[in-house]
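New to this one? Take a look at the model first, and then we'll walk through a pair of helices and a few cysteines.

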There are 2 protein chains.
Amino acid sequence: MTFALTVLGSGSALPVPARFSTAHLLNVDEHFFLIDCGEGTQIQLRRFTIKLGKINHIFISHYHGDHLFGLFGLISTFTLLGRKPPLHIYCHPEITGMVKHQVGYFSEHPGFELVFHTLRFDEPSFILDEKKVSVWSFPLKHKVETCGFIFKEKQRLQNMRKDALEKYNIPVKQIPLLKSGADFTLEDGTVIPNREITYPPPKPRMYAYCSDTKYDEAIIPLIRGADLLYHEATFGSDMDEQAEKTGHSTARQAALIAKAAGVKQLLIGHFSIRYKTIDFLLKEARDIFPDTVAAEDGLKISVPLVR
Amino acid sequence: MTFALTVLGSGSALPVPARFSTAHLLNVDEHFFLIDCGEGTQIQLRRFTIKLGKINHIFISHYHGDHLFGLFGLISTFTLLGRKPPLHIYCHPEITGMVKHQVGYFSEHPGFELVFHTLRFDEPSFILDEKKVSVWSFPLKHKVETCGFIFKEKQRLQNMRKDALEKYNIPVKQIPLLKSGADFTLEDGTVIPNREITYPPPKPRMYAYCSDTKYDEAIIPLIRGADLLYHEATFGSDMDEQAEKTGHSTARQAALIAKAAGVKQLLIGHFSIRYKTIDFLLKEARDIFPDTVAAEDGLKISVPLVR
């Protein structure tokens with residue numbers, strides 16, 4: 001059961017060959033979720049050999065070009081490839097208007113249904129209930145209305161113990177009930193507690209995505225316990241004022257959030273083009289939160305299953 | 001005096017890492033002209049270390065996404081970089097509307113003037129008179145209204161012969177007139193023919209850009225004698241019908257046009273993603289027109305000065 005993130009774009013407003021603008025791809029058991037879609041995202045998807053047709057849900061954090069300019073080309077490519085399934089886009093109404101307007105220039109209909117889901121920017125919201133994963137949005141603090149996203153695997157059922165199946169001669173039709181946590185009653189009325197016939201499933205994995213945002217402690221309870229937290233780190237602490245002014249965070253601030261939220265791993269990205277190397281941003285974060293990695297285009301992080 | 005073309009994107013409708021969608025950059029003595037602007041053009045400009053600030057004129061052949069989706073990001077980047085000079089865009093009115101609409105989402109004004117010049121699609125037109133170069137548009141035959149472009153250096157003045165300057169003791173203030181072709185009259189009334197005091201300048205160089213178009217002999221007199229002709233070659237002759245149906249050309253057709261127009265060199269590109277290698281497209285063209293090269297992202301072709 002895969003739960004893996006691929007960074008498609010690790011840069012910020014000014015894309016360069018080594019760092020395209022923001023886009024992440026989360027693979028949950030071969031269900032693909034695209035998060036933000038900067039210019040050239042479709043090229044990065046091909047570069048990192050991700051099948052475009054597996055993307056059915058796109059989440060756009062806010063209406064700044066470096067998070068959405070890749071949408072037009074991606075939708076156009078879906079049309080040219082003969083896509084049929086609906087494409088769900090979770091975004092600000094401004095983006096809905098922008099995409100509809102743009103698509104309208106090229107054809108009356110892109111060949112498949114574009115389903116827009118309007119995000120809320122005032123409070124956390126449950127936005128998608130998929131078979132394997134649930135998705136929430138929550139407000140961030142940026143210069144325009146912006147959302148972060150939380151992807152959480154659904155709680156799995158208990159696993160049956162093979163030895164118990166034989167020992168108690170458990171009928172197959174009872175298994176779904178037992179997997180849900182029920183005890184098993186023998187023919188003589190003896191109750192076998194569920195814990196003796198099952199063992200716990202792996203813990204649901206969780207990915208939290210926070211871009212773009214200034215330092216905001218309000219998000220800590222929402223992202224608590226994430227296996228992987230992406231938090232933007234546009235600047236270093238040398239640019240504290242600039243971060244505040246532009247609605248962005250420093251690497252140190254990202255690490256403070258990660259530490260306070262008790263996440264397992266922190267991924268920083270959205271680096272300002274002014275930094276030729278981001279070593280000191282990484283050091284700044286690791287001084288506070290050692291399990292930090294720096295985003296690079298093509299970086300893949302798999303979150304292991306843990307019981 | 002540079003006259004050099006850089007291919008920024010050699011692919012067609014579906015961009016891939018090795019072939020971005022169409023964009024060309026013509027450098028005439030450090031005056032930069034961007035021709036078409038597919039998704040990721042700004043990334044390619046950085047990849048091939050071209051200074052963005054030197055671009056003041058953008059020519060868009062037609063309103064298909066693979067020729068214009070890079071405009072939004074490029075304009076946004078110009079704004080973020082604090083651009084001040086006006087940016088001239090030569091395009092279809094549909095594109096004017098599209099860009100204005102898009103820019104309007106992000107700010108009321110991009111920080112510099114966007115000057116739109118509406119192309120004509122019914123006849124060849126003189127569209128730009130620059131210090132070193134003149135630009136014409138001319139109609140192509142595609143599925144939507146499309147223009148090709150011709151960039152031609154201006155005719156230079158005659159060069160003065162140093163030996164003549166001394167021999168006839170020519171006053172400095174007369175030189176501009178003599179460079180324009182006038183004869184020189186000695187004090188005793190003897191007329192020295194211009195050809196004895198000057199020598200010819202290099203020939204004006206010419207670049208003709210034809211994308212996207214089906215085979216169209218009507219363009220031959222317009223592009224006659226070009227030093228470099230770019231002609232799209234989306235398909236091979238195996239796909240003659242598809243080329244006709246989609247308003248594109250085969251490599252063979254591109255070569256027939258090059259041969260008939262007597263150009264010096266043919267550059268083919270806009271290759272369909274179906275071709276894993278374009279060797280046979282190149283062969284097909286070279287069988288008819290040997291001086292053919294195949295476009296690659298980053299390919300630079302310098303046109304030498306010839307007297």
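## Two helices side by side

H9(A) and H10(A) run roughly parallel to each other, because their axes cross at roughly 30 degrees and angles under 35 degrees count as roughly parallel. Keep in mind that this is a predicted model. To find the pair in chain A, look for residues 251-261, which form helix H9, and residues 279-288, which form helix H10. Their axes come within 8 Å, and the crossing of H9(A) and H10(A) is right-handed.

So who touches whom? On the H9(A) side, the residues in contact are Ala251(A), Arg252(A), Ala255(A), Leu256(A) and Lys259(A). Across from them, H10(A) brings in Leu281(A), Glu284(A), Ala285(A) and Ile288(A). Sorted by class, this contact of H9(A) with H10(A) has 6 nonpolar and 3 charged residues, with no polar ones.

## Cysteines without a partner

How many disulfides does the structure hold over all chains? The count is 0. A disulfide is a covalent bond between the sulfur atoms of two cysteines, and to be counted here the two sulfurs have to be within 2.5 Å.

Two cysteines in chain B show why that fails. For Cys147(B), the closest cysteine sulfur belongs to Cys91(B), and at 10 Å that is too far for a bond. Cys210(B) has its closest cysteine sulfur in Cys147(B), but the gap is 11 Å, again too far for a bond.

Are these two buried or exposed? Cys147(B) counts as buried, at 0% relative accessibility. Cys210(B) is buried too, with a relative accessible area of 0%.

Conventions: Residues are numbered from 1 along each chain as its sequence is written. Chains are lettered from A and ligands numbered from 1 in the order in which they are written. This is a predicted model: local features need pLDDT of at least 70, side-chain atom pairs count only at pLDDT 80 or more; totals for chains, interfaces and linings use all residues. Side-chain values use heavy atoms; hydrogens and water are left out. Buried means under 20% relative accessible area, exposed over 50%, partly exposed in between (1.4 Å probe, protein chains only). Axes are lines fitted to C-alpha atoms, for helices over the stretch in contact, and angles run from 0 to 180 degrees between N-to-C directions. Helices (H or I, at least four residues) and strands (E, at least two) are DSSP runs, numbered from the N terminus. Angles under 35 degrees count as roughly parallel, over 145 as roughly antiparallel, 65 to 115 as roughly perpendicular and the rest as oblique. A crossing is left-handed if the near helix is turned anticlockwise from the far one by less than a right angle, and right-handed if clockwise. Contact means heavy atoms within 4.5 Å. Ala, Val, Leu, Ile, Met, Phe, Trp, Tyr, Cys and Pro count as nonpolar, Asp, Glu, Lys and Arg as charged, and the others, Gly among them, as polar.
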